[in-house]
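Open your viewer and switch to a cartoon view, with side chains ready to be shown. We will go from stop to stop, selecting a little at a time.

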Amino acid sequence: MSTDTLASPDTFQSKPIRKTGVLIVNLGTPDSPSVPDVRKYLRQFLMDERVIDIPYLNRWLLINLIIAPFRAPKSAKVYRKLWLPEGSPLKIYGYSVEEKLQKVLGEKYVVKLAMRYQSPSIESALKELRKECLTDIVVVSFFPQYASASTGSVYKEVMRVVQDWEVLPEIRFTNRFLDHPKFIEAFANLGKKYMAERDYDHVVFSYHGLPERQITKGDVTRNFCQFGSCCDVLDHRNQHCYRAQCFETTRLLVKEMGIPEGKYTTCFQSRLGKTPWIKPYTDEIIPELTKKGVKSVLAFSPSFVADCLETTIEVGEEYKELFEKEGGIHWQLVESLNDSDIWVETVEDLVKNA
């Protein structure tokens with residue numbers, strides 16, 4: 001065969017050079033609500049050194065001998081309440097966003113869903129993207145506020161997977177999007193829908209908690225973080241502080257919805273263990289509200305973009321039960337963004353302007 005034949009235009013079809021891979025990543029979910037699968041998920045999740053940041057041996061003993069064996073059966077019961085006929089809501093919404101985002105981005109993009117823990121894994125998704133002859137990859141972590149235990153862990157896992165690739169395309173990460181106009185608009189519109197139906201005495205913004213030590217370790221100034229008024233303004237000193245970002249998210253939502261001062265609270269949920277976590281705690285705020293005569297609450301979970309155990313069960317059911325036990329009458333959870341069109345538009349903009 002001649003070299004002319006090899007180079008013939010009929011042999012090779014020209015394709016556009018630029019093609020962008022899009023990796024959308026959420027935290028993760030067990031493969032099923034069975035005890036073995038929940039135990040497997042808990043072990044992978046909690047063994048991450050960015051999630052439980054204690055020495056490896058101590059972490060291994062704590063997770064494998066105490067937390068996973070004893071917590072898995074209890075968690076499995078809760079997951080069974082959450083589970084839909086099609087599977088885990090987090091995964092169902094994730095695949096729906098993947099499909100919708102692929103449609104709006106078009107053929108110059110390849111979109112893959114991944115979970116930081118369990119399946120589909122970041123490693124498997126990146127292996128699929130690697131086959132696509134990409135110019136660049138945009139990683140969109142589905143965490144509105146940056147934290148080492150969430151977004152930081154995604155960064156680390158992505159770089160672990162690609163570190164031995166012969167060819168590394170340009171890789172860009174979204175660090176956070178708590179102040180993205182469409183993100184704020186999306187949650188505010190959901191809240192306005194409920195506020196139009198009735199008057200609420202108070203609005204609760206409940207965010208996932210973190211140990212205080214992780215916030216302190218992230219304070220590069222080494223003296224700015226005080227777990228108090230330092231979070232009243234988000235500036236260059238605390239821009240990466242998870243707690244400060246949560247308070248900023250609340251301020252933006254409150255402004256968008258026109259909620260007056262004194263009628264809302266920012267608080268934190270899902271703490272684990274006996275070490276101090278960032279305050280105030282949601283389960284301690286609720287009795288304080290009822291003592292002040294609050295009878296109806298509109299509750300948001302703006303650190304989650306898809307409904308999951310922490311939103312549907314913890315905020316939507318467990319806190320509702322606590323509120324009613326303490327004398328409250330009406331507790332309304334605002335659902336998450338899930339696979340709504342405005343959320344897909346938000347992700348599209350994050351991809352194109354990463």
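**Stop 1: a single residue.** Select Thr216, which you will find in helix H8 (residues 212–217). Keep in mind that you are looking at a predicted model. Is Thr216 buried or exposed? The answer lies in between: Thr216 is partly exposed, because its relative accessible area is 42% and the partly exposed class runs from 20% to 50%. Now show what surrounds Thr216: setting aside neighbours within four places in sequence, its contacts are Arg222 and Phe227. For a sense of scale, draw a line from the C-alpha atom of Thr216 to that of Phe142; the two residues are 74 residues apart along the chain, and the line spans 24 Å.

**Stop 2: an open sheet.** Next, select strands E1, E2, E3 and E4. These 4 strands make an open sheet with parallel pairing, in the order E2-E1-E3-E4. Which strands stand at the edges? They are E2 (109–117) and E4 (170–173); each has a single partner strand, so one side of each has no neighbour in the sheet. On average, neighbouring strands here are turned by 20 degrees against each other, direction ignored.

Zoom in on E3 (residues 136–141) and E4, which pair in the parallel sense over 4 bridges. Here you can pick out Val138, whose bridge partner in E4 is Arg172.

Now add helix H2 (residues 35–46), which packs on the sheet and touches E1 (20–28) and E2. The direction of H2 makes about 95 degrees with that of E2. Add H12 as well: this helix packs on the sheet too, touching E1, E2, E3 and E4, and its direction makes about 140 degrees with that of E3.

**Stop 3: two helices crossing.** Keep H12 (residues 341–352) and bring in H4 (residues 89–105); their axes come within 10 Å and cross at roughly 60 degrees. That angle is why H4 counts as oblique to H12. The crossing is right-handed. To see the contact, show side chains including Val97 and Leu101 of H4, and Trp343 and Val347 of H12.

**Stop 4: strand, helix, strand.** Finally, select E7, helix H11 (residues 309–325) and E8, which together form a right-handed β-α-β unit. E7 (residues 296–300) pairs with E8 in the parallel sense over 4 bridges, and Val297 has Trp331 as its bridge partner in E8. Which side chains of E8 (residues 330–333) are buried? Trp331 and Leu333 are, pointing to one face, while His330 and Gln332 point to the other and are not buried.

Terms used: Residues numbered from 1 in each chain as written. Predicted model: local features only at pLDDT ≥ 70, side-chain atom pairs only at ≥ 80, totals over all residues. Heavy atoms only, no water. Buried < 20%, exposed > 50% of the residue type's maximum accessible area, 1.4 Å probe, protein only. Pairing = 2+ DSSP bridges. Right-handed = clockwise from strand over helix to strand, strands pointing away. Axes fitted to C-alpha atoms, helices over the stretch in contact; angles between N-to-C directions. Parallel < 35°, antiparallel > 145°, perpendicular 65-115°, else oblique. Left-handed = near helix turned anticlockwise from the far one by under 90°. Contact = heavy atoms within 4.5 Å.
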